[in-house]
Amino acid sequence: MSIDPISDILTFIRNANMDGKKVVKIPSTNIIENIIKLLLREGFLENVRKHQERGKKFLVLTLRHKKTEKRRFTNILNLKQISRPGLRIYSKSKRIPRILGGIGIVILSTSHGILTDREARLEGIGGEILCYIW
């Protein structure tokens with residue numbers, strides 16, 4: 001992994017999704033576990049399992065795919081990283097963007113933990129915008 005673990009995880013998931021893979025194994029940290037829990041709760045993932053191998057912790061993600069007539073699988077997960085180590089993007093609760101009119105979610109790192117845009121608006125807190133998912 002590099003200096004930016006969030007970028008690495010989003011890239012792992014994006015590449016596996018575009019390749020049509022059903023299962024992805026990613027390294028586990030506390031912030032990554034919280035982001036993955038949000039994705040599972042919002043319905044972007046089917047299942048998540050914890051796995052340990054040679055003393056290292058991993059998360060095994062089962063991605064959600066949709067079958068079509070022309071191709072075997074269609075991607076239903078799009079991810080875009082917003083904040084990065086060289087440029088942090090912050091937003092107040094009133095200015096948190098809406099993705100596709102509320103269909104997508106914004107994941108924020110707040111003083112109350114990792115939250116979605118809807119949860120942050122309800123609590124009236126802003127924070128660092130980590131990524132967009134739709």
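The protein chain exposes about 8,300 Å², and carbon and sulfur atoms supply 50% of that area. This is a predicted model. Of its 134 residues, 40% count as buried.

Charge comes next. The protein chain carries 26 positive and 12 negative charges. The mean positions of the two sets are 2 Å apart.

Now the overall build. The protein chain has 3 helices and 10 strands. Read from the N terminus, the order is α-β-α-β-β-β-β-β-β-β-β-α-β. The C-alpha atoms fill a box of roughly 40 × 40 × 25 Å along the principal axes. A compact globule with 134 residues would have a radius of gyration near 14 Å; the protein chain has 15 Å, which agrees. Contacts tell us about the chain's path. Among those with a separation of 6 or more, 57% join residues 24 or more positions apart.

Then look inside. The largest nonpolar core has 25 residues. Ile 13, Ile 26, Ile 36, Ile 107 and Ile 133 touch the most other members. Several elements each supply at least two residues of this core. Helix H1 (5-19) and helix H2 (30-41) are among them. So are strand S1 (23-27), strand S3 (56-63), strand S8 (105-110) and strand S10 (127-133).

Take Ile 36 as a guide. Leaving out residues up to four places away in sequence, Ile 36 touches Ile 9, Ile 13 and Ile 26. Ile 36 also touches Leu 45, Val 48, Leu 59 and Leu 61. Apart from the largest core lies another core, of 8 residues. Its members include Ile 82, Ile 99, Leu 108 and Ile 129.

Key: Residues are numbered from 1 along each chain as its sequence is written. This is a predicted model: local features need pLDDT of at least 70, side-chain atom pairs count only at pLDDT 80 or more; totals for chains, interfaces and linings use all residues. Side-chain values use heavy atoms; hydrogens and water are left out. Helices (H or I, at least four residues) and strands (E, at least two) are DSSP runs, numbered from the N terminus. The radius of gyration is taken over C-alpha atoms; the globule rule is 2.2 Å times the number of residues to the power 0.38. Buried means under 20% relative accessible area, exposed over 50%, partly exposed in between (1.4 Å probe, protein chains only). Contact means heavy atoms within 4.5 Å. Accessible areas come from the Shrake-Rupley method with a 1.4 Å probe; for residues, only the protein chains shown count as cover. Lys and Arg count as positive and Asp and Glu as negative; His and the chain ends are not counted. The place of a charge is taken as NZ of Lys, CZ of Arg, CG of Asp or CD of Glu. A nonpolar core is a set of buried Ala, Val, Leu, Ile, Met, Phe, Trp, Tyr and Cys residues joined through side-chain atoms within 4.5 Å.
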